[in-house]
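The following explanation proceeds from the overall architecture of a chain to the surroundings of individual residues. Please keep the sequence and the structure in view while reading.

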Amino acid sequence: RRNNCLIVFSFGSCVCSGQMSQVEEGIMHKVVLFVDPSVSQLNEYAWRFEADWRIECVRSPWMALYFISKNQVDLVVTEVNFADMNFDDFLRQARDHRPGLSFLIVSNRHHPCSLLQLRKPVDYLELKRTIESVLARM
C-alpha cells in the first residue's frame with residue numbers, strides 16, 4: 001500500500017489469475033471511494049477489499065469532493081459523521097460533480113435519507129455483498 005499524497009491514500013487492486021466472467025471482470029475494475037475520518041477504518045477497508053476493486057480512501061468529504069471532481073468513481077462508501085462538513089452538503093456537492101453517483105452509508109449513526117445504509121460495526125461480508133450488488137447494477 002502506498003500514499004500518493006498527504007490527503008489521498010490510494011490502494012491498487014490485485015491482478016487475479018484464472019478465468020473471470022465479463023461481469024466479474026467489469027466489477028474488478030470498478031472504483032470504490034471510501035470516505036471515513038478514521039485512518040484505521042480506511043486501512044481495514046483497503047486491506048479487506050483491495051483484491052476486489054480499485055480502492056481509493058480519503059479522510060474527509062472535502063478530499064472526496066476533490067477526488068470525485070478529478071477521477072472516475074463508481075461508488076462512494078461513506079461515513080455520515082464529519083467534523084468539517086454536513087453530510088447533506090457533501091452528498092449534494094458530490095452529485096453536482098457526478099450526477100447519478102451511487103452512495104452507500106456505513107455509519108454508527110442513521111441518516112434520514114433514502115440511501116442504502118449499513119450500521120457500524122459493519123459485517124465485512126455483508127458490506128462486500130452489498131457493494132457487489134450495487135456495482136453489478138451499473
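The chain contains five helices and seven strands. The model is a predicted one. Read from the N terminus, the elements follow the order β-β-α-β-α-β-α-β-α-β-β-α. The chain has 138 residues, of which 46% count as buried. Among contacts between residues at least 6 apart in sequence, 62% link residues at least 24 apart.

Helix H2 offers a convenient starting point. Its buried residues are Gln41, Leu42, Tyr45, Ala46 and Phe49. These residues lie on the same side of H2, because they cover an arc of only 135 degrees around the axis. An α-helix has 3.6 residues a turn, so residues three or four places apart point the same way. The other side of H2 carries Ser40 and Trp47, which are exposed.

What, then, does H2 meet in H5? Two packed helices are described by the angle between their axes and the distance between the axes. For H2 (residues 39-49) and H5 (residues 124-136), the angle is about 70 degrees and the axes are 12 Å apart. An angle of 65 to 115 degrees counts as roughly perpendicular, and H2 and H5 are therefore roughly perpendicular to each other. Their crossing is right-handed. On the H2 side, the contact involves Gln41, Glu44, Tyr45, Arg48 and Phe49, whereas H5 contributes Tyr124, Leu127 and Lys128. Classified by residue type, this contact of H2 with H5 comprises four nonpolar, one polar and three charged residues. Gln41, Tyr45 and Phe49 thus appear both among the buried residues of H2 and in its contact with H5.

Two further residues allow the interior to be examined in detail. Thr78 belongs to strand S5 (residues 75-78). Thr78 has a relative accessible area of 1% and is therefore buried, since buried means under 20%. Beyond its neighbours within four places in sequence, Thr78 is in contact with Val35, Phe87, Phe90, Phe103, Leu104, Ile105 and Val106.

Ala94 is located in helix H4 (residues 87-97). Its relative accessible area is 0%, so Ala94 is buried as well. When residues up to four places away in sequence are not counted, Ala94 touches Leu65, Ile68, Leu101 and Phe103. Phe103 is thus in contact with Thr78 and also with Ala94. Finally, Ala94 and Ser69 are 25 residues apart along the chain, and their C-alpha atoms are separated by 8.1 Å.

How values were computed: Residues are numbered from 1 along each chain as its sequence is written. This is a predicted model: local features need pLDDT of at least 70, side-chain atom pairs count only at pLDDT 80 or more; totals for chains, interfaces and linings use all residues. Side-chain values use heavy atoms; hydrogens and water are left out. Helices (H or I, at least four residues) and strands (E, at least two) are DSSP runs, numbered from the N terminus. Buried means under 20% relative accessible area, exposed over 50%, partly exposed in between (1.4 Å probe, protein chains only). Contact means heavy atoms within 4.5 Å. Axes are lines fitted to C-alpha atoms, for helices over the stretch in contact, and angles run from 0 to 180 degrees between N-to-C directions. Angles under 35 degrees count as roughly parallel, over 145 as roughly antiparallel, 65 to 115 as roughly perpendicular and the rest as oblique. A crossing is left-handed if the near helix is turned anticlockwise from the far one by less than a right angle, and right-handed if clockwise. Ala, Val, Leu, Ile, Met, Phe, Trp, Tyr, Cys and Pro count as nonpolar, Asp, Glu, Lys and Arg as charged, and the others, Gly among them, as polar. The arc is that of the directions from the helix axis to the C-beta atoms.
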